[in-house]
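Q: Please take a close look at a single part of this structure and explain how it fits into its surroundings. A connected account would be preferred, with each term explained as it arises.

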Amino acid sequence: MAKEQLMSYEDAIERFEVVIGLEVHVELNTVSKMFCGCANNFGSEPNTNVCPTCLGLPGSLPAVNRKAVESSIAIGLALDCQIASNGRFARKNYFYPDLAKNFQTSQFDEPIAFEGEISIELETGEVFMVPIERAHMEEDAGKLTHVGGETGRIQGAEYSLVDYNRAGVPLVEIVTKPIYGALDKAPELAATYVRAIRDIVKSMNVSDAKMERGNVRCDANVSLREKGAEKLGTRTETKNVNSLKSIENTVRYEIRRQAFILAAGGKIIQETRHWHEDRGHTSAGRPKSDADDYRYFPEPDLVPVQPSKEWIEEIRQTLSEKPALRRKRLQTAWGFADLEFRDVLNSDLLDEIEATVSAGASPQSARKWWTGELARLANAQQVAVQDLPITPEQVAAIQRLIDSGELTDRIARDVVAGVLAGEGEPAEVIESRGLKIVTDEGALIAAIDKALASQPDVMEKIRDGKLQAAGAVIGAVMQEMRGQADAARVRELILERAK
């Protein structure tokens with residue numbers, strides 16, 4: 001594939017106005033699928049959570065998942081949308097191997113929610129109001145695995161495998177109106193907006209919101225027009241971008257790519273594109289279809305969704321605290337500086353840290369454990385920190401033992417290792433591994449005397465005021481006690497003996 005030519009980002013922003021639009025797909029975490037009773041489970045054996053309905057076999061009939069409708073309404077309310085009194089499903093017709101029915105059941109002209117907005121604050125403090133055009137219900141497609149190619153995509157693959165387990169999983173697609181005025185902040189705004197959507201649905205517990213699993217993914221639309229022009233430029237749509245970093249990089253790349261083409265007198269092709277994280281660029285997919293090309297028509301096997309005002313208000317009362325308000329509340333309560341709190345947000349560990357604080361740990365110690373030692377261990381094991389087999393309650397219990405002087409920081413890391421290895425609760429690990437701190441002062445003094453005997457000049461140095469000399473004795477005692485002595489108490493005992 002020939003390498004595409006790019007304009008510098010600064011020159012592109014100087015010459016062109018950037019307009020973006022974002023389509024965020026949110027998989028709901030309902031027990032069953034959108035239109036049938038098949039399990040909505042991630043990670044099942046391929047093609048085991050399927051039935052005639054989600055496979056589109058003749059004679060099968062769909063039935064709407066009430067919980068999915070409720071979650072969709074909740075998402076609409078959280079985005080300050082109006083909720084439709086009459087929402088209708090339609091058939092979106094197109095062929096692709098992961099759509100067994102050859103159409104997708106979605107919503108077209110009558111979405112469940114419409115005309116909303118969300119406030120997005122960037123790290124610089126700038127605030128953008130992002131207008132929401134609609135949030136509509138639909139079903140997900142299956143998953144294709146392309147085998148044999150270098151990039152995991154169909155180009156160059158020897159064959160493809162299809163798994164229909166995901167076909168029929170409930171989706172809410174949130175579509176923005178065109179977003180103007182972001183200027184050079186467009187890539188950052190795109191990523192921050194998707195983070196905000198992810199945080200909202202996660203806090204509401206309507207989605208697992210794991211982007212690496214595709215629970216939240218984004219189609220990023222980018223177009224450029226000359227400064228001062230009224231007509232929008234031709235847009236491209238980069239499909240299924242599933243990380244915040246990739247969303248930002250995708251928008252930035254498309255701005256540079258399109259700017260070079262337009263400046264050279266070329267034309268932008270309206271098409272879908274794919275982001276290649278490993279190579280840092282997008283590539284062409286297929287010509288982008290407009291609504292007419294999908295031949296939408298009302299789904300004849302499903303009645304309209306007509307939520308009552310009373311039901312909508314019941315759902316409204318269940319909405320959780322908005323993530324932006326929650327973040328400000330927690331930062332104030334914890335006393336974190338902006339940089340400290342930004343590290344917490346970037347680590348995506350706010351929930352774990354909050355739960356650890358609620359279990360009794362101080363905010364700083366909770367932050368230290370999750371963004372420090374636990375993050376290091378997760379990275380070594382190549383798993384997400386949240387997937388480590390340790391709970392916030394266990395982390396808080398370990399920290400309480402440190403605070404009470406029953407564990408040192410070093411021994412505490414051994415306790416964490418035992419918990420992660422499945423050896424039980426922290427107290428059980430301490431008992432089984434013999435990790436209790438030595439508090440018997442007779443044993444400590446004996447170890448100190450032994451260390452002093454091998455370093456006869458140390459005591460004189462301490463008596464001469466060179467207190468740092470005690471460090472060598474402390475180190476020898478800690479080695480003798482296998483790290484299970486309180487170093488501060490050992491130091492006190494050494495200084496007492498030097499008097």
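A: The structure holds 0 disulfides, a disulfide being a pair of cysteine sulfur atoms within 2.5 Å. The sulfur of Cys54 has its closest cysteine sulfur in Cys38, but the separation of 3.8 Å is too far for a bond. Cys54 counts as buried because its relative accessibility is 8%; buried means under 20% relative accessible area, exposed means over 50%, and partly exposed lies in between, with a 1.4 Å probe and protein chains only. Cys218 is also buried, at 0% relative accessibility.

The model is predicted, so local features need pLDDT of at least 70 and side-chain atom pairs count only at pLDDT 80 or more, while totals for chains, interfaces and linings use all residues. Residues are numbered from 1 along each chain as its sequence is written, and side-chain values use heavy atoms, with hydrogens and water left out.

As a setting for the close look, the secondary structure of the chain comes to 16 helices and 14 strands. These are DSSP runs numbered from the N terminus: helices are H or I runs of at least four residues, and strands are E runs of at least two. Of the 499 residues of the chain, 47% count as buried.

The part chosen here is helix α2, which covers residues 66-78. The expected span of a helix is 1.5 Å times one less than its number of residues. The 13 residues of α2 should therefore span 18 Å, and the distance of 19 Å between its end C-alpha atoms agrees with this. At the N-terminal end, Asn65 caps α2 through a side-chain oxygen that lies 3.0 Å from the backbone nitrogen of Lys67. After the helix comes Asp80, which has a positive phi, near 60°.

How much of α2 is covered? The helix is mostly covered, with 10 of its 13 residues buried. Among them are Ala68, Val69, Ile73, Ile75 and Leu77. The elements that cover these buried residues include the strands β2 (82-83), β5 (113-121), β6 (127-139) and β9 (170-176), together with the helices α3 (186-203) and α5 (309-317).

The four strands just mentioned belong to an open sheet of 9 strands with mixed pairing, in the order β2-β5-β6-β9-β1-β10-β11-β12-β13. Two strands pair if DSSP finds at least two bridges between them. Because β2 and β13 (281-287) each have a single partner strand, they stand at the edges, and one side of each is left without a neighbour in the sheet. Strands β5 and β6 run antiparallel and are joined by 8 bridges; one of the bridge pairs is Glu121 with its partner Val127 in β6.

The helix also contributes to the largest nonpolar core. A nonpolar core is a set of buried Ala, Val, Leu, Ile, Met, Phe, Trp, Tyr and Cys residues joined through side-chain atoms within 4.5 Å. Of the 67 residues in this core, those touching the most other members are Ile75, Ile118, Ile174, Tyr193, Val194 and Ile255. Helix α3 gives the largest share of this core, 9 residues. A second, separate core has 34 residues, including Leu350, Ile353, Leu374 and Leu420. In the first of these cores, Ile118 touches Leu79, Phe128, Met129, Val130, Ile132, Tyr193, Ala196, Ile197 and Ile200, leaving out residues up to four places away in sequence; contact here means heavy atoms within 4.5 Å.

The loop between β1 (16-27) and α2 contains Asn29. This residue is partly exposed, because its relative accessibility is 27%. Apart from neighbours within four places in sequence, Asn29 is in contact with Asn40, Asn205, Val206, Ser207 and Asp208. The side chain of Asn29 reaches the backbone oxygen of Asn205 at 3.3 Å.

Elsewhere in the sheet, Arg217 lies in strand β10 (residues 216-226). Arg217 is buried, with a relative accessible area of 8%. Its side chain makes polar contacts with the side chains of Asp140, at 2.7 Å, and Asn240, at 3.3 Å. A polar contact is a pair of N or O atoms within 3.5 Å; within protein, one must be able to donate a hydrogen and the other to accept it, and residues adjacent in sequence count only if both atoms are side-chain atoms.
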